[in-house]
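Visitor: I am new to this structure and would like a close look at a single part of it, the sheet, with its surroundings explained step by step. Please take your time over the answer.

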Amino acid sequence: MRLSSASCREIVSNVDRHGYNNMFIGLNDIKCEGTFVWEDGTSINSGYSHWKKKQPDNSHNEDCVEILNNNEWNDVSCHEELLVLCERLG
Ligand SMILES: [Ca+2]
Ligand SMILES: [Ca+2]
């Protein structure tokens with residue numbers, strides 16, 4: 001499905017209204033469950049991480065990571081981020 005920028009704006013305002021205004025931070029465990037790496041393949045095991053309490057929980061096989069309003073991290077489904085969809089429209 002291709003969205004016009006008008007419908008993209010509509011999605012974004014819906015997202016804002018529901019409080020889902022979080023962004024992906026380029027971290028995922030797609031290749032190896034439980035081992036999170038940055039987009040360039042760097043592991044976070046020895047570096048900085050800032051998980052929210054009880055995260056990552058891999059609920060419903062969540063493999064991408066979003067940053068929350070308070071700068072804490074949560075793993076989320078890679079397919080549920082509307083803001084990234086809008087970003088791709090340029
Ligand atoms: Ca996962
Ligand atoms: Ca999670």
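Which residue in β3 is the bridge partner of F24?

Guide: The bridge partner of F24 in β3 is E66, and that pair is a good place to enter the sheet. Please keep in mind throughout that this is a predicted model.

To place the pair, it helps to follow the chain from its N terminus, where the elements run α-β-β-β-β-α, giving two helices and four strands in the chain. The four strands form an open sheet in the order β2-β1-β3-β4, with antiparallel pairing. Since β2 (37-38) and β4 stand at the edges, each has a single partner strand, so one side of each is left without a neighbour in the sheet.

We can now go through the pairings one at a time, beginning with the strands that hold F24 and E66. Strand β1, residues 23-28, pairs with β3 in the antiparallel sense over three bridges, and the bridge between F24 and E66 belongs to this part of the sheet. Towards one edge, β1 is joined to β2 by two bridges, and these strands also run antiparallel; here N28 stands opposite V37 of β2. Towards the other edge, β3 and β4 pair over four bridges, again in the antiparallel sense, and C64 stands opposite V76 in β4.

The residues C64 and V76 lead on to the nonpolar core, because both belong to the largest one in the chain, a set of six residues made up of L27, F36, C64, V65, W73 and V76. The elements that give two or more residues to this core are β3 (64-67) and β4 (73-76). Another member, F36, touches L27, N28, D29, I44 and V65, when residues up to four places away in sequence are left out of the count. Of the 90 residues of the chain, 10% count as buried.

Strand β3 also contains I67, which can be set beside those core residues as a further point on the strand. With 16 C-beta neighbours inside 10 Å, I67 counts as partly exposed, since a residue needs 20 or more such neighbours to be called buried. Between I67 and K52 there are 15 positions in sequence, and their C-alpha atoms are 9.3 Å apart in space.

On the edge strand β4 we find D75, and this residue counts as buried because it has 23 C-beta neighbours inside 10 Å. Leaving aside residues up to four places away in sequence, D75 touches Q55, P56, D57, N58, E62, D63, C64 and V65. One of these, P56, is 19 residues away from D75 along the chain, yet the two C-alpha atoms are separated by 5.3 Å. More broadly, residues 24 or more positions apart account for 43% of the contacts in the chain with a separation of 6 or more.

P56 takes us into the loop between β2 and β3, where the backbone deserves a careful look. Most residues other than glycine have a negative phi, and most peptide bonds are trans. Against that background, the bond joining Q55 and P56 is a cis peptide bond, with omega about -5°. K54 lies in the loop between β2 and β3 as well, and its phi is near 70°, a positive value in a residue other than glycine. With 7 C-beta neighbours inside 10 Å, K54 counts as exposed.

A further positive phi is found at N71, where the value is near 75° in a residue other than glycine. N71 lies in the loop between β3 and β4, and with 8 C-beta neighbours inside 10 Å it counts as exposed.

Finally, a word on confidence. The chain averages a pLDDT of 78, and 62% of the residues score at least 70. Confidence is highest in β4, at 93, and lowest in helix α2 (residues 82-87), where the mean is 56. For the edge strand that holds D75, then, the prediction carries the highest confidence among the elements of the chain.

Note on methods: Residues are numbered from 1 along each chain as its sequence is written. Chains are lettered from A and ligands numbered from 1 in the order in which they are written. This is a predicted model: local features need pLDDT of at least 70, side-chain atom pairs count only at pLDDT 80 or more; totals for chains, interfaces and linings use all residues. A residue is buried if 20 or more other C-beta atoms lie within 10 Å of its own, exposed if 12 or fewer, and partly exposed in between; C-beta atoms are placed from the backbone. Two residues are in contact if their C-beta atoms, placed from the backbone, lie within 7 Å. A nonpolar core is a set of buried Ala, Val, Leu, Ile, Met, Phe, Trp, Tyr and Cys residues joined through C-beta atoms within 7 Å. Two strands pair if DSSP finds at least two bridges between them. pLDDT is the predictor's confidence in each residue, from 0 to 100.
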